[in-house]
Amino acid sequence: MKVKVIPVLEDNYMYLVIEERTREAVAVDVAVPKRLLEIVGREGVSLTTVLTTHHHWDHARGNAELVRLLPGLVVLGADERICALTRRLAHGEELRFGAIHVRCLLTPGHTLGHMSYFLWEEECPDPPAVFSGDALSMAGCGSRLEGTAQQMYQSLVETLGTLPPETKVFCGHEHTLGNLEFAQKVEPYNDHVKAKLSWAKQRDEDDVPTVPATLGEELLYNPFLRVAEEPVREFTGKVAPADVLDVLCRERASFERAAEPLQPQARALLALQWGLLSTPRQK
Ligand SMILES: [Zn+2]
């Protein structure tokens, strides 16, 4: 199994998974079809299926165009709002592409119909992979827009956090640096956060992706997977895991805002002056 990491838009990742024996390929989160098809052509593979993690524009907007260019293409996901969806998947459902197995894991929180995809290859020593979209990111997670804190806890800690530690995590956005800066605020004495942060700064300077990380690594520095750890509880002032997670989500959102140079009103005004104000699109 080969995974091509394809950076698109401002900071999104699109992925192409290749079954190396049959040369069949599966795409994850198609935002820019042209870019994907270039790579499909260069690799000489046959793209049969799109796995969409959730309905947001920056993860699904290329589906319709891709179906137009490749009639018969199957578009799968767990949310009816996903553009050009062929069939809605259920939690726990398993798919098969040659020797590659896919287990569909419903991971609500960011959106209610968010699906993560756990892939492994038969009779292959390579570690498995999970495509976690905006549910689990490197050192963080997507903002909680639709689910409850309890749902998010189940998705992150119980569903994704219990996958084999060697699993490679491929997420939807390059937000690693900001996530680690927040992780350092939560756990200033965690050496794993410190080490990963200086590594991520170097990656950022070199302009190379920080994906993937293994789940085992993530468990050492990602505060959203560490809600049962004493320093994380202390930071939030809560004990129950869902309460800890709830405070972390709110703190992370205000941390993001504090880091932004302009007030929202000022940004809107500037955008208006430059004629850039269009329909707001959620990430
Ligand atoms: Zn999203």
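A residue counts as exposed when its relative accessible area is over 50%. In this predicted model, D207 reaches 69%, so it falls in the exposed class. D207 sits in the loop that links α6 (191-206) to β14 (213-214), and its backbone is worth a look too: phi is positive, at about 55°, although the residue is not a glycine. D207 also belongs to a negative surface patch, together with D204, E205 and D206.

The loop between α6 and β14 holds another oddity, since P212 lies there as well. The peptide bond running from V211 to P212 is cis, with omega near -10°.

On the far side of that loop comes β14, which is part of an open sheet of six strands. The strand order reads β7-β8-β9-β10-β13-β14, and the pairing is mixed. At the edges are β7 (94-97) and β14, each of which pairs on one side only. Within this sheet, β9 (residues 115-121) and β10 (residues 129-133) run antiparallel and are joined by three bridges. Here L119 faces A129 of β10. As a general point, strands of a sheet pair through backbone hydrogen bonds, in either a parallel or an antiparallel way.

Turning to the start of the chain, β2 (12-19) is a good strand to follow. Eight of its eight residues are buried, so β2 is largely enclosed by the rest of the structure. In a regular strand, side chains alternate between the two faces of the sheet. In β2, N12, M14, L16 and I18 point one way, while Y13, Y15, V17 and E19 point the other way. Both sets are buried, E19 included.

β2 has antiparallel partners in β1 and β3. Seven bridges tie β1 (residues 2-8) to β2, and in that pairing I6 has M14 as its bridge partner. The two strands make a hairpin with three residues between them, and L9 in the turn has a positive phi of about 50°. Between β2 and β3 there are five bridges, again with antiparallel strands; L16 stands opposite A27 in β3.

The hairpin of β2 and β3 has four residues between its strands. One residue to pick out in the loop between β2 and β3 (24-28) is R23, whose phi is positive at about 60° even though R23 is not a glycine. With a relative accessibility of 30%, R23 counts as partly exposed.

Definitions and conventions: Residues are numbered from 1 along each chain as its sequence is written. This is a predicted model: local features need pLDDT of at least 70, side-chain atom pairs count only at pLDDT 80 or more; totals for chains, interfaces and linings use all residues. Side-chain values use heavy atoms; hydrogens and water are left out. Patches are made of residues with over 30% relative accessible area and no salt bridge: like charges are joined within 9 Å, nonpolar side chains (Val, Leu, Ile, Met, Phe, Trp, Tyr) within 5 Å. Accessible areas come from the Shrake-Rupley method with a 1.4 Å probe; for residues, only the protein chains shown count as cover. A salt bridge is a side-chain nitrogen of Lys or Arg within 4 Å of a carboxyl oxygen of Asp or Glu. Lys and Arg count as positive and Asp and Glu as negative; His and the chain ends are not counted. The place of a charge is taken as NZ of Lys, CZ of Arg, CG of Asp or CD of Glu. Two strands pair if DSSP finds at least two bridges between them. Buried means under 20% relative accessible area, exposed over 50%, partly exposed in between (1.4 Å probe, protein chains only).
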